[in-house]
Protein chains: 2
Amino acid sequence: MSKLTLKSVAKTLGVSTATISNAFNRPDQLSVGLREKILSACAELGYFGPNKAAQSLRTGSSGIVAVILSDSLEYMVSDPVASQFLQGVTRELERHKLHLLLFSGSSANLEAISDFVDGFICYGAPRNLGLIEQLTRSPKRVLTVDFDLPGRPSVNIDNEQAAYQSALAVLKPTDTVAILGLRLIDAPNSRPVLQAPMWDNQSSIAHRRLDGYLRAMAECRLTLRSQYLWHLPESNQHYGQLAAKAVLALEPRPTVLLCMSDLIALSAMREALQQGIEIPNQLRVVGFDGIEETLRYHPTLSTVWQFSDAKGQAAVRAFLSGDDSPQLLPYELRLGESS
Amino acid sequence: MSKLTLKSVAKTLGVSTATISNAFNRPDQLSVGLREKILSACAELGYFGPNKAAQSLRTGSSGIVAVILSDSLEYMVSDPVASQFLQGVTRELERHKLHLLLFSGSSANLEAISDFVDGFICYGAPRNLGLIEQLTRSPKRVLTVDFDLPGRPSVNIDNEQAAYQSALAVLKPTDTVAILGLRLIDAPNSRPVLQAPMWDNQSSIAHRRLDGYLRAMAECRLTLRSQYLWHLPESNQHYGQLAAKAVLALEPRPTVLLCMSDLIALSAMREALQQGIEIPNQLRVVGFDGIEETLRYHPTLSTVWQFSDAKGQAAVRAFLSGDDSPQLLPYELRLGESS
DNA sequence: GCTTTCATCTTAATTGATTAAGTTATATGA
DNA sequence: TCATATAACTTAATCAATTAAGATGAAAGC
């Protein structure tokens, strides 16, 4: 039994390769009778359709979209925000009969798969600078989500404005403020919880949100001492609790916690309540992202509500549209019992 | 600027396509001087090497090996056994300059990527029967790990014998035995913790280990009542605790817990200790797999120690070898304080 | 000086598909 | 009846590479 190809199948069926190809791809180009005969004969032979690699070479598109996750796969699949986003992506890709290839930013061998995919949707600024470099110069379509790359289309919310509004909604002129932030794009990730020595002009959400917080604080004539600013390497309960413990031990104790994710905010609240600190009387907390758990938790969390599922959908649409203009999605400021 | 291909680059440099190709792939086929000139000229032009899709079409190999994980990505990356295995795979693939494509068994669109990869290493029996079907008839090389597929090479340990030995090492003729097992290949996964109504002759590790346990029990003239046999949908702390709670509440209470994974065993021990049950006096526990945490835990766990990292390595080697005979890896019975 | 060897580069067939353009044969219209 | 339109297939160029076989010229051997 020789290899099954369009050619070999065409020869055994006594028709041209074009006809077999059309039977699979363009039903209108041949009679229904012949088409059915061909399809059933192929099934019989064990030929399951044109070779995708050859198809991709010829047509210039494989139907596969790679989604690059900034962090480890473990983080992404366990973070409700990220998995919501992925659900949106998956659904919208399926609608267009496209396939998803999940990629973690840490194992950054883009070049190995670049020629096999139609492009990249990159979720979150990658730690890996080499990856950023590769994405920048890639000839494929690249769409970024939650960060920017020069000359590339992006999907985002106005993080600066959202952070500004959320902070302004809780701040009072007499407050002591602590910020539980996310890592900055260029922050080394060796230390588990990092007090950022500085930040650059990169466009990660962490920078934008920090800018927003600081603008709101400046407007309230509040200043931030460096011990009150923390950058967590990942958005999870572990680091949230760690950082919360640290800032709640400071003198004077913060009266407001600005948290760059809901997971961080929730674990910080948990820690505060355990210490007997009353929310919102002694401590007000505001989060970011909008996850279901904040609604079930008591007290409910004030947060910037993003529509992560819709964001995934929007990302795919923007990717496919060919439009290179940056896209800003809506968000909602939702105030809860925590402020 | 037209598209950069071997042809276009060859034309602008005034040499043949073969020479460019050789510059990248077969340095011995041209003079060092010309090669360096070509390579630096390509870098200048922004041509980063031959198109992988075309390369793969022509040579019949892409250098990408897909690893299919039986369960969700979340489970796999958080399970120390699985991540050890993946590390071994990654390292060995890198050694052969091959690339890894991670795939979750749940999103089983093999056909979309099948033509782009050199084959599949499938870790653990997939829940998804359609996927098994696809793997069975795939024209690509398929290697299975921890389960068997008709006509395919596999890498495994002798699960039946290992389970038998581990059970025999702890059992006494007066014992009441409970088994905290893993899901069987055809068990529906709707119920979170499942008492298996039956099992088939499929070759999943759960079947093999169960067979081993039962053989050891039979040898000790012990019988198993169905309430004492649990099949957990996943190997994690959550289900382990749930199942442990259930069996420890039975009358008579089990004196031995045979657990099909160390994660299950550890959480079962945790639960038992919390209930004030003494280990090993009132309850003996034996696990399976061999993870670092069992050594740090007190009491240390008796378990079947597998070398998961080496297993990953062996899987890649067997995959590349072309040898179709099943491979049995060594394991060690390590007795701890729990028995 | 003439053949042989070898290194270096080129030619052209091939990989498995798509698709515009071309070829029949049949049906339609005047 | 004859030109014309349409449906149903086929031909052959093309996608971006690899590679066996061929060509060329210089060095080596006798």
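This report describes chain A, its pairing with chain B, the surface near DNA strand D, and one helix of chain B.

**Chain A**

The model is a predicted one. Chain A has 14 helices and 12 strands. Its radius of gyration is 25 Å, well over the 20 Å that the globule rule gives for 339 residues, so chain A is more spread out than a compact globule. The C-alpha trace spans about 85 × 40 × 35 Å along its principal axes. Of the 339 residues, 45% count as buried. Contacts in chain A with a separation of 6 or more were also sorted by distance along the chain. Residues 24 or more positions apart account for 70% of them.

**Two copies**

How are the two copies related? A turn of 180 degrees and a shift of 0.1 Å along the axis lay chain A on chain B, with an RMSD of 0.1 Å. The two copies are thus related as by a two-fold rotation axis. The same surface serves both copies, as 100% of the contact residues of chain A recur in chain B.

In this pairing, 20 residues of chain A are in contact with 20 residues of chain B. On the chain A side, α4, α5 (73-78) and α7 (110-114) each supply at least two residues. The largest share, five residues, comes from α4(A).

**The surface near DNA strand D**

Strand D is surrounded by 26 residues. The closest are B:T5, B:A18, B:S21, B:P50 and B:N51. Both chains contribute elements here: α2 (17-25) and α4 (52-59) of chain A, and α2 (17-25) and α4 (52-59) of chain B, each give two or more residues. Helix α4 of chain A thus appears on this surface and on the side that touches chain B.

The table sets out the residue types of both surfaces.

| Surface | Nonpolar | Polar | Charged |
|---|---|---|---|
| Side of chain A that touches chain B | 10 residues | six residues | four residues |
| Surface near DNA strand D | 10 residues | 13 residues | three residues |

**Helix α9 of chain B**

Helix α9 of chain B covers residues 159-170. At 1.5 Å a residue, its 12 residues should span 16 Å; the end C-alpha atoms are 17 Å apart, which agrees.

Which residues of α9(B) are buried? They are B:N159, B:A162, B:A163, B:Y164, B:S166, B:A167 and B:V170. An α-helix has 3.6 residues a turn, so residues three or four places apart point the same way. The cover over the buried residues of α9(B) includes the strands β5 (154-156), β8 (256-259), β9 (284-286), β10 (303-305) and β12 (332-334) of chain B. Helix α10 (205-219) of chain B is also part of that cover.

Methods. Residues are numbered from 1 along each chain as its sequence is written. Chains are lettered from A and ligands numbered from 1 in the order in which they are written. This is a predicted model: local features need pLDDT of at least 70, side-chain atom pairs count only at pLDDT 80 or more; totals for chains, interfaces and linings use all residues. Helices (H or I, at least four residues) and strands (E, at least two) are DSSP runs, numbered from the N terminus. The expected span of a helix is 1.5 Å times one less than its number of residues. A residue is buried if 20 or more other C-beta atoms lie within 10 Å of its own, exposed if 12 or fewer, and partly exposed in between; C-beta atoms are placed from the backbone. Two residues are in contact if their C-beta atoms, placed from the backbone, lie within 7 Å. A residue is near a molecule or strand if its C-beta atom, placed from the backbone, lies within 6 Å of it. Ala, Val, Leu, Ile, Met, Phe, Trp, Tyr, Cys and Pro count as nonpolar, Asp, Glu, Lys and Arg as charged, and the others, Gly among them, as polar. The radius of gyration is taken over C-alpha atoms; the globule rule is 2.2 Å times the number of residues to the power 0.38. Copies are superposed by least squares on the C-alpha atoms of residues with pLDDT of at least 70 in both.
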